[in-house]
Amino acid sequence: MEPHRLDRAEARRIAIRAQLLDGDRPTGLLDVVRQLTLLQVDPTAAIAPNADLVAWSRLGAIYRPSDLSHALEHDRSLYEIDALIRPIEDLPLQRADMAAWPTWQRSRDWLDQNESFRRDILSRLSGSPEPLLSRQIPDTSVVAWQSSGWTHNQNVGRMLELLTLRGEVAIAARLGRERLWAPADRVYPAELLAAPVIPADEALLARNERRLAALGIAREKSTKMPLEPVDVGLAGEPAVVEGVPGVWRVDPAALGRPFTGRTALLSPFDRLTYDRVRAQQLFDFEYVLEMYKPAAKRRWGYFALPILHGDRLVGKLDAKADRKAGTLTVHAVHEDVPFDRDLRRAVDDEVANLAEWLTLEVVAA
């Protein structure tokens, strides 16, 4: 079919609406996660944990972190897997991949070598009336996990991760930053586990369609990304964006809709800017997460928050929450475009809203 022809403003607005960052705010956490398809779990809390910050950017002051805990641990409307929180109704779209996991030969070999270890962990989890922390499970591995990173010889944790990705174990809750583990059939709804497994190619197509609805506009193919792709295959319909090379895929349901913008502070992991190439091409927005850089080499700050205003990404907020001191310290507001009085006021108001949500007082560095 002939590609849709979009100017960059329309492409940006499609992306913003899809991410629930326009003026029409959602009203509940589950609605947010269903539309976004995921919340990324990250322990960094220079401002707030990523999942909470993403939810607050959409819902505002009505959101409470306890809402997320309740959805994960009590009503089970959400589940966590591989550092991502997803709606429980999307579990069937993962089950074919679970059945084929692991795809890496090294992980397969390690599982084969540690079959007795696998059975031991499953037996301990099944025999415990309560979910267990990884440190409550003894290491009975035959062969240690070899890695050049932090997982080296972390045999219990590595096995639990693999068994979760295989659908045999699930994360039942959290105790602070530690995960509590249980057999999958105690966490996931019985009706979903009893349903026939959706064939892998059908599940992939459905995931691509869900991802495109969440992104609004994306590439058919893109650079491989950790945790979740940013491309969508042949989902949606082709589109050309004025001034940007190549063909995109666009959600046809997102075309021609009215747009009302607002001001929002975004997590560095927010899906609106997670694809740095797309952010550069559609928004003229350059961003690098600088928490791993030496302080002297940072341009925008340790955990700078992208600033959305209307249909543009206009700058970055360098701030840090100090809960012991009760302060949200603003080190700098970096302006990618010159701020006029109205834009400055809108950003200041949103910083104040963030501080109020965190129950902190705004102070200048």
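Start by selecting helix H3: its buried residues are Asn50, Ala51, Asp52, Leu53, Val54, Ala55, Trp56, Ser57, Arg58 and Leu59. The helix spans residues 50-59. H3 is mostly covered, with 10 of its 10 residues buried. Bear in mind throughout that this is a predicted model.

**Stop 1: H3 against H14**

Keep H3 on screen and add helix H14, residues 341-358. The two axes come within 12 Å and cross at roughly 125°. An angle between 115 and 145 degrees is neither roughly perpendicular nor roughly antiparallel, so H3 and H14 are oblique to each other. The crossing of H3 past H14 is right-handed. Now show side chains at the contact. From H3, pick Asp52, Leu53 and Trp56. From H14, pick Glu350, Asn353, Leu354 and Trp357.

**Stop 2: H3 against H2**

Hide H14 and bring in helix H2, residues 29-36. Here the axes of H2 and H3 come within 10 Å, and they cross at roughly 105°. Since 65 to 115 degrees counts as roughly perpendicular, that is the relation between H2 and H3. On the H2 side of the contact, select Leu29, Val32 and Leu36. Their partners on H3 are Val54, Ala55, Arg58 and Leu59.

**Stop 3: either end of H3**

Step past the end of H3 to Gly60. This glycine follows the helix and has a positive phi, near 75°. Then go back to the loop that leads into H3 from strand S2 (39-40), and select Ala45. Is Ala45 buried, exposed or partly exposed? Its relative accessibility is 30%, so Ala45 counts as partly exposed. For a long-range check, draw a distance from Ala45 to Ala279. They are 234 residues apart along the chain, and their C-alpha atoms are separated by 24 Å.

**Stop 4: H1 and the turn after it**

Move to helix H1, residues 8-18. Colour its buried residues: Ala11, Arg12, Ile14, Ala15, Ile16, Arg17 and Ala18. Next, zoom in on the N-terminal end of H1. Asp7 caps it, with a side-chain oxygen 3.3 Å from the backbone nitrogen of Ala9.

Go to the other end and select Leu20, in the loop between H1 and H2. Leu20 comes just after H1 and takes a positive phi of about 60°. Why look twice? Most residues other than glycine have a negative phi. Leu20 is not a glycine, yet its phi is positive. With a relative accessibility of 15%, Leu20 counts as buried.

**Stop 5: a second positive phi**

Jump to Thr359, in the loop between H14 and strand S15 (361-364). Thr359 is not a glycine either, and its phi is positive, about 55°. What is its exposure? Thr359 has 68% relative accessibility, so it counts as exposed. Buried Leu20 makes a useful view to set beside it.

**Stop 6: Ser77**

Select Ser77, in the loop between helix H4 (65-73) and strand S3 (78-81). At 14% relative accessibility, Ser77 counts as buried. Show its side chain together with that of Asp75: a polar contact of 2.8 Å joins them. Then expand the selection to its contacts beyond four places in sequence. Ser77 touches Leu30, Ala71, Arg86, Pro87, Ile88 and Glu89.

**Stop 7: a cis peptide bond**

Find Pro102, in the loop between helix H5 (95-100) and H6. Look at the bond to Trp101. What is its geometry? The peptide bond joining Trp101 and Pro102 is cis, with omega about 0°. Most peptide bonds are trans.

**Stop 8: Gln113**

Follow the chain into helix H6, residues 105-113, and select Gln113. Its relative accessible area is 43%, so Gln113 is partly exposed. Beyond four places in sequence, Gln113 touches Val142 and Val143. Val142 is 29 residues away from Gln113 along the chain, but the two C-alpha atoms are separated by 6.9 Å.

**Last stop: the domains**

Zoom out and colour by domain. The domain assignment gives domain 1 as 93-188 and domain 2 as 262-364. How far apart do their C-alpha centres lie? The C-alpha centres of domain 1 and domain 2 are 37 Å apart.

Definitions and conventions: Residues are numbered from 1 along each chain as its sequence is written. This is a predicted model: local features need pLDDT of at least 70, side-chain atom pairs count only at pLDDT 80 or more; totals for chains, interfaces and linings use all residues. Side-chain values use heavy atoms; hydrogens and water are left out. Domain bounds come from an automatic or database domain assignment. Buried means under 20% relative accessible area, exposed over 50%, partly exposed in between (1.4 Å probe, protein chains only). Helices (H or I, at least four residues) and strands (E, at least two) are DSSP runs, numbered from the N terminus. A polar contact is a pair of N or O atoms within 3.5 Å; within protein, one must be able to donate a hydrogen and the other to accept it, and residues adjacent in sequence count only if both atoms are side-chain atoms. Contact means heavy atoms within 4.5 Å. Axes are lines fitted to C-alpha atoms, for helices over the stretch in contact, and angles run from 0 to 180 degrees between N-to-C directions. Angles under 35 degrees count as roughly parallel, over 145 as roughly antiparallel, 65 to 115 as roughly perpendicular and the rest as oblique. A crossing is left-handed if the near helix is turned anticlockwise from the far one by less than a right angle, and right-handed if clockwise.
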